[in-house]
Amino acid sequence: MSEQPQKQEKPQKPVVKSADSPAADDASGEKKLSNKELKELKKKQKAEKRAAEKQAKGIPNQAEEKAAQNKQKKEQKQQNAANAVQSKKQVKKPVKKVAIFSHLEPKEQRNEQAQTQQISQVHPAILSLTLKLSSYAIVGSIPRCKAMLKAFQRVIAEYQTPANTTLTRHLTSHLGYQIDYLKTARPLSVSMGNAIRWLKQEISMISIDTFDANAKAELVESIDTFTREKIDLSDRVIIQSASGHISNGSTVLTFGNSNVLRELFLYAHKEQNKRFTVIIVDSRPLFEGKKLAEALSSKGLKVQYVLINALTSVFQDVDTVFLGAHAMLSNGFLYSRVGTALIAMKAKRANIPVLVCCESIKFSDRVLLDSVTLNELGDCSDLVDWNQNTHVKTPGVALRKFIETHEETKDTPVTNGNQKQKNGNGKPQQDVGKDELPLANWKDSPSLNILNIMYDLTPPEYIQKIITEVGALPPSSVPVILREYKAT
């Protein structure tokens, strides 16, 4: 057999790589560039070429100018933010407190707490109610309680149970966020606290097997029933019972504004056709008695309106004193708007009966001996603002004359334009602006503190009778009413 000649392999031609190629591997072992990197490199080279051509023609580089402008704006923004923070730190001053009431939260502290709350979890109805409470658009224990329950109805109706949980467990915590935000406006009243405890108990009694829609409908209906039975019907019973203490030709005295007392006076005047005089005693800074005086006088009742500093001059003709209540405590003390204790003590000294109209929802288990342990601090600036135009819509003749004389005195020009008016010591007096308040800069004085407490405590010996929906009882029977309220 002849051997077949073996095929000789053709020698491979060496691949010549250009030294200028960006993908070529040099002797130092550089890695090949990917397609993406090649595109970026070409893009960069084109941008540099265009920039060089523009620079040769004398055209400015817009990209560099834009980057410089953005950098300058950013630096200016940072500087402005730093200046704002620094000025805020300088303007902010520590809250001045009276030592004996230092344990109570002032309004400034509640505002700081509101800023730390997560507003995204707060319902719009609660946000609106908080604004009304903080601005005193809604005043009074019962109106605040009814407004809160109405807001809770909207919260419950629009509530959606998250996944992997139940309504009975999650709704209580969801309402907790709403309640915490409400507290930033004003501390909860006793009636609001009792209503919240009742609502949480109703939520806990809902069966787990109940559909969410049915459970929410039941809760909304239960709130309506609670409001009707514990507030509306209770007020009717109290009004019918208390109207027997008003006779024809008598003079009754009250303090501030109370819803149940307003309905009582209107009921005795319209339904029972009794003719009597109502003396309304009022005080700063809320002037709640003005609303009561306007409501009664518009219905034909004879009304006298006085401030609390003129209390002595009107007591000689008073037959009965009717007082409203913020809360009745377990030891028989009346917790009400500041000034109530003064009126009750004055009536006791003049042998005038003092009757308190109070719903059982306002009864509390607390035991207090003074108004220092538990109270509410209002805004101190409300006491500083002495401008009559803020509170008096139609001032009387004497008040108008005083204001005009006061303004003429301030507007009187000085005889010498180059000299200031001098006081008794021969020193020039500084000009005072027309709108400047006497205590406008009271926070700058280290030795001056202003206290605006909202409530005081009236001892039971100054109260003859408490009229409730369960009957008229002495203050010593408050624990009995509390036991009956808890049983229901």
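## A tour from Asn 375 to a helix pair

Start by selecting Asn 375 and Ser 371: the Asn 375 side chain reaches the backbone oxygen of Ser 371 at 2.8 Å. Keep in mind as you go that this is a predicted model.

Now add Tyr 455 to the selection. Its backbone oxygen is also reached by the side chain of Asn 375, at 2.8 Å.

Zoom out a little to see where Asn 375 sits along the chain. You will find this residue in the loop that runs between strand E7 (354-357) and helix H12 (381-384). Is Asn 375 buried or exposed? With a relative accessibility of 7%, Asn 375 counts as buried, because buried means under 20%.

To see what surrounds Asn 375, show Leu 104, Tyr 335, Ile 453, Met 454 and Tyr 455; Asn 375 touches each of these, leaving aside residues up to four places away in sequence.

Next stop: two helices. Select residues 141-157 for helix H5 and residues 190-204 for helix H7. Their axes come within 9 Å and cross at roughly 30°. H5 is therefore roughly parallel to H7, and the crossing in which H5 passes H7 is right-handed.

Finally, turn on side chains where the two helices meet:

- From H5, show Ser 141, Ile 142, Arg 144, Cys 145, Met 148, Leu 149, Phe 152 and Ile 156.
- From H7, show Ser 191, Met 192, Ala 195, Ile 196 and Leu 199, which those H5 residues meet.

Try colouring this contact of H5 with H7 by residue class: there are ten nonpolar, two polar and one charged residues.

Note on methods:
Residues numbered from 1 in each chain as written. Predicted model: local features only at pLDDT ≥ 70, side-chain atom pairs only at ≥ 80, totals over all residues. Heavy atoms only, no water. Helix = DSSP H or I, 4+ residues; strand = E, 2+ residues; numbered from the N terminus. Buried < 20%, exposed > 50% of the residue type's maximum accessible area, 1.4 Å probe, protein only. Polar contact = N/O pair within 3.5 Å; in protein donor to acceptor, adjacent residues only side chain to side chain. Contact = heavy atoms within 4.5 Å. Axes fitted to C-alpha atoms, helices over the stretch in contact; angles between N-to-C directions. Parallel < 35°, antiparallel > 145°, perpendicular 65-115°, else oblique. Left-handed = near helix turned anticlockwise from the far one by under 90°. Nonpolar A, V, L, I, M, F, W, Y, C, P; charged D, E, K, R; others polar.
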